[in-house]
Amino acid sequence: MTQPRAATVPDENRKPAPDALTIGRRLRHVRQEAGRTLGEVAEVVGMSASALSLIENGKREPRLSVLTALADALGTPLADLLATAPPSRRAALEIRLERAQRADSYQQLGLPAVKIGPRLPMEALEALVGMHEAMASAQAERAATPEHARMANAELRERMRAADNYFGDIEEAAGELLAAIKHPGGPISRAAVDRLAGHLGYNLVHTSDLPGSTRTVTDMTHKRVYLPQPEAGQHDSRSLALQAIGHLVLGHQVPADYAEFLSQRVEINYFAAALLMPERDAVAHLHDAKQAKDIAIEDLRDAFAVSYETAAHRFTNLATRHLDIPVHFMRISRDGVIYKAYENDGVSFPRDALGAIEGQRVCRQWTARRVFEQPDLSQAFQAYTDTRSGTYWCTAVVDRTADGLFAVNVGVPYQSVKWMRGREATHRSQSRCPDPSCCAQPPAGLAQRWEGHAWPSARAHSHLLAAMPPGVFPGVDDTEVYDFLERHAPTG
């Protein structure tokens, strides 16, 4: 995960700092316009010509005192050297080519870098930049395949496991914001979310005409976060508002690829949960429940007025760090396909050749599948499952959505079940997966009777096969978003 930035109010007047390449090109432009040589300017400021050349080529970042001396020597304001815009179209192209040649993807090719200088014809410069950017675009398009998406998921899950799914920097950022609005503790209300947005300089605006490809839209110019109308039946508007604010507080930049986009989604979801269920209060609740040997996700859900899935996720954030309880989590469809999962307790999820678990089908004997067999789908279901990696106790509930029924499952190893409500469950099963005879193959009698006499029409999970939607923010229609902001922008 990227490290979140400090929880400060974004400043619309703050300009991005120029990088070494832009400073170097502006310095060279000013020097050449003044008709001065490298040696002349270097001698005035007391440095070697080679050192000045490194600065002009963007290979060394100059100290402010050096830049000030160079500006004085060239008779130009320091602000001219620190401007973020390249001084000319050629300089802009040179910067783009230099960045492309410094990229890891180009370095890995083992090809020589083209020397960038005044002898490189403008046509060649434009062609090289165009080719590099076309290659980068093609590479990004390839990275949007389901295989790359699943690889990105697998890598992100590894990082989450290494941290026990606990990210202290995000917890700290959330705590600072709660302190800033003097939140007294406990569940955060909608009014508190409004105050939090106001503290950051933003207004929350509900509207009925959000672009269909978006959950929220943030107008960073006019400091507005647009949310769906509460009656539209969408997600809890508190969560949506906090997720949108999370991008600002955590200092997110436009994602460079799908992996970064996915990481940002995980971070804002964590950030929202850390505000909806503040660490201090949630940990106090869980410590009391552990002492009573009565931990229940339902109680966590009800105490903080959140969804069961949000409470389950938050439990995985805090259980290992604060309670010394390893856990696993799953969200699966009724037919057993994994949509989300996390583990640090040794449970063995099914994986594909790339190590990804999304899109794989879990064993029929697991609690997350067996919950759908219960006569009352409104009740939580607890059961033990013996697996090749150990015995696990799990609790699962059925989540009814517009897309169908899903199971949300939280599990712990047998050694930790003494802390959980429902540990007296009598339901027990044995999973021999990945042995095909466990549940992947039909019983011999059924197979003998029906094999060769059945032809089902498969309900393919097309979302797992299709390429990820194109664009910086996958699936978002930029034209729709900009039209929306144009309609809603304040006038005058």
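Val-397 has Val-408 of strand E8 as its bridge partner. In this predicted model, that pair belongs to the contact between strand E7 and strand E8 (residues 404-413), which are joined by 10 bridges in the antiparallel sense. The chain passes from E7 to E8 through a hairpin of two residues.

Strand E7 (residues 390-401) also pairs with strand E6 (residues 381-387), again antiparallel, through seven bridges. Here Gln-382 is matched with Thr-395 in E7. E6 and E7 likewise make a hairpin, with two residues between them.

A further antiparallel pair is formed by strand E4 (residues 328-333) and E5, with five bridges. Within the E5 pairing, Ile-332 lies opposite Ile-338.

The antiparallel pairs are listed below.

| Strand pair | Sense | Bridges |
|---|---|---|
| E4 and E5 | antiparallel | five bridges |
| E6 and E7 | antiparallel | seven bridges |
| E7 and E8 | antiparallel | 10 bridges |

How are the strands ordered in the sheet? The order is E5-E4-E8-E7-E6-E9, an open sheet of six strands with mixed pairing. Strand E5 (338-343) and strand E9 (428-430) are at the edges; each has a single partner strand, so one side of each has no neighbour in the sheet. From one strand to the next, the twist averages 25 degrees.

As general background, strands of a sheet pair through backbone hydrogen bonds, in either a parallel or an antiparallel way. In a regular strand, side chains alternate between the two faces of the sheet.

Terms used
Residues are numbered from 1 along each chain as its sequence is written. This is a predicted model: local features need pLDDT of at least 70, side-chain atom pairs count only at pLDDT 80 or more; totals for chains, interfaces and linings use all residues. Side-chain values use heavy atoms; hydrogens and water are left out. Two strands pair if DSSP finds at least two bridges between them. Helices (H or I, at least four residues) and strands (E, at least two) are DSSP runs, numbered from the N terminus. Axes are lines fitted to C-alpha atoms, for helices over the stretch in contact, and angles run from 0 to 180 degrees between N-to-C directions.
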